[in-house]
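Subject: Structure for you to look at

Hello,

Here is the structure I promised, with its sequence. Please open it alongside this note; my findings follow below.

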Amino acid sequence: MLDFRTGLALAAVLLGASSARSAAAAPLAGPAAPAAEAPRDDEGEGAALEVYRELARPPGAAARVVATAALGTGLRFNNPYRLQTQLGGTAESLSLTAGYLDLGAAFSLGPADGVQHGGALRLSIALGGVPQEAVAPSYFIAYRGLDRALGYGRLGASILVEPDVNVGGELAVGLGYYLLAGVALSGEIVGNLFYGAATYEASYTVYPIVSAQLGLMIDYELLP
C-alpha cells in the first residue's frame with residue numbers, strides 16, 4: 001500500500017499533467033484588436049462649414065423670357081399735314097395717331113431678384129387709316145424687386161417699314177402686375193422721335209410721339 005506521502009506526490013503529478021494538456025488545447029490568443037477611433041471634432045466642423053458655404057453661396061444668374069401683346073394709341077406733337085385727328089388749329093397742335101397692335105419679345109439675364117439686362121424686339125401694326133408697320137430692336141432692362149410687379153424699360157431704334165421707310169428713336173418704360181405666377185397685366189408709356197421731309201415752314205420736320213398701351217405679358221423665368 002502507498003503511504004500518505006507517496007499518494008500526495010502522485011496526485012500533484014497528475015494535476016500538473018492535466019493543466020498542461022488544457023493549456024495546449026486552448027487556442028493561442030492573438031494581439032488585442034485596437035479600439036475603434038471616435039470621430040474627431042474637426043471633421044464634423046469641416047462638414048458643417050461646407051454645408052454653410054453652400055447655403056451662403058450667392059445664387060447664380062437667372063434668365064427671363066418675356067412675351068407681350070398690347071393695344072395702344074398715341075399723341076403726335078407735330079401735325080404738318082393737318083390730319084383729320086388734329087386736336088388744335090395749328091400745325092404744331094396735337095393730333096391722335098391711329099390705334100395699333102404691339103407684339104413683342106424680350107430676353108434678360110441677371111439676378112432673379114435684381115436688375116437684369118438683355119434685348120427686346122417689338123412689332124407695331126396700325127389698326128386703322130394708312131397701313132403702317134414699325135419694328136423696334138432695343139436694349140431691355142428689367143427689375144423684379146416686388147413680389148407681384150416687374151418694372152422694365154427699353155431704349156433703341158424704331159424702324160418704320162410702311163408706308164415710307166424711316167428710322168427714329170424709341171424710349172419706353174413699363175410695369176407688369178402679376179395676375180398669376182407667369183401672367184401679368186402690362187402697361188407701357190412709349191416715346192418716339194422721327195424726322196420727316198421739309199415743308200414750307202421748316203427745312204426738316206420732327207415728329208415727337210408719345211403713346212400709351214395696355215396688354216398682357218407672359219413671363220417665363222429660368223432660375224439657376
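Gln132 is partly exposed, because its relative accessible area is 35%. This residue sits in the loop between β4 (115-126) and β5. Its C-alpha atom is 4.8 Å from that of Glu162, although the two residues are 30 apart along the chain. Setting aside residues up to four places away in sequence, Gln132 touches Ser124, Ile125, Ala126, Leu160, Glu162 and Pro163.

A caution before the rest. This is a predicted model. The mean pLDDT of the chain is 78, and 66% of the residues reach 70 or more. Among the elements, helix α1 (residues 4-25) has the lowest mean, 53. Strand β3 (residues 100-110) has the highest, 96. Where pLDDT is low, the predicted coordinates should not be read in detail.

Overall layout

The chain has two helices and nine strands. In sequence order the pattern is α-α-β-β-β-β-β-β-β-β-β. The chain has 224 residues, and 26% of them count as buried. Take the contacts between residues at least 6 apart in sequence: 52% of these join residues at least 24 apart. The accessible surface is about 14700 Å², with 69% of it belonging to carbon and sulfur atoms.

Salt bridges

Side chains of opposite charge can pair when their charged atoms come close. How many salt bridges does the whole structure hold? The search finds seven.

Start with Arg64 and Asp219. Their closest N and O atoms are 2.4 Å apart. Arg64 is in strand β1 (residues 62-76) and Asp219 in strand β9 (residues 205-222), so this pair ties together parts that are 155 residues apart in sequence. Both Arg64 and Asp219 are buried.

Next come Arg144 and Glu221, which meet in a salt bridge at 3.8 Å, N to O. Arg144 belongs to strand β5 and Glu221 to strand β9, so the pair ties together parts that are 77 residues apart in sequence. Are these two partners buried or partly exposed? Arg144 is buried, because its relative accessible area is 16%, under the 20% cut-off. Glu221 is partly exposed, with a relative accessible area of 29%.

Then Arg154 and Glu170. Here the closest N and O atoms are 2.7 Å apart. Arg154 lies in strand β6 and Glu170 in strand β7, so the pair ties together parts that are 16 residues apart in sequence. Both Arg154 and Glu170 are buried. The two also belong to a network of salt bridges, together with Asp102, Arg122 and Glu188.

Nonpolar cores

In soluble globular proteins, nonpolar side chains tend to be buried together. Which residues make up the largest nonpolar core here? There are ten: Val66, Ala106, Ala120, Phe140, Ala142, Leu150, Tyr152, Tyr178, Ala184 and Met217. Strands β5 (133-146) and β6 (149-162) each supply at least two residues of this core. Another core lies apart from it. That one has five residues, among them Ala134, Phe194, Tyr207 and Ile209.

Tyr178, a member of the ten-residue core, is worth a click. Beyond its neighbours within four places in sequence, Tyr178 is in contact with Arg64, Arg144, Asp147, Arg148, Ala149, Leu150, Val183, Ala184, Met217 and Asp219. That list includes Arg64 and Asp219, the salt-bridged pair described above.

Ser186 and the surface patch

Ser186 lies in strand β8. This serine is buried, because its relative accessible area is 5%. Again leaving aside neighbours within four places, Ser186 is in contact with Tyr152, Leu175, Gly176, Gln213, Leu214, Gly215, Leu216 and Met217.

Leu214 and Leu216 also help to make a nonpolar surface patch of about 600 Å². The other members are Tyr177, Leu179, Leu180 and Leu185. Leu179 is in the loop between β7 (166-178) and β8 (183-196). At 47% relative accessibility, Leu179 counts as partly exposed.

Best wishes

Definitions and conventions: Residues are numbered from 1 along each chain as its sequence is written. This is a predicted model: local features need pLDDT of at least 70, side-chain atom pairs count only at pLDDT 80 or more; totals for chains, interfaces and linings use all residues. Side-chain values use heavy atoms; hydrogens and water are left out. Patches are made of residues with over 30% relative accessible area and no salt bridge: like charges are joined within 9 Å, nonpolar side chains (Val, Leu, Ile, Met, Phe, Trp, Tyr) within 5 Å. Accessible areas come from the Shrake-Rupley method with a 1.4 Å probe; for residues, only the protein chains shown count as cover. A salt bridge is a side-chain nitrogen of Lys or Arg within 4 Å of a carboxyl oxygen of Asp or Glu. Helices (H or I, at least four residues) and strands (E, at least two) are DSSP runs, numbered from the N terminus. Buried means under 20% relative accessible area, exposed over 50%, partly exposed in between (1.4 Å probe, protein chains only). pLDDT is the predictor's confidence in each residue, from 0 to 100. Contact means heavy atoms within 4.5 Å. A nonpolar core is a set of buried Ala, Val, Leu, Ile, Met, Phe, Trp, Tyr and Cys residues joined through side-chain atoms within 4.5 Å.
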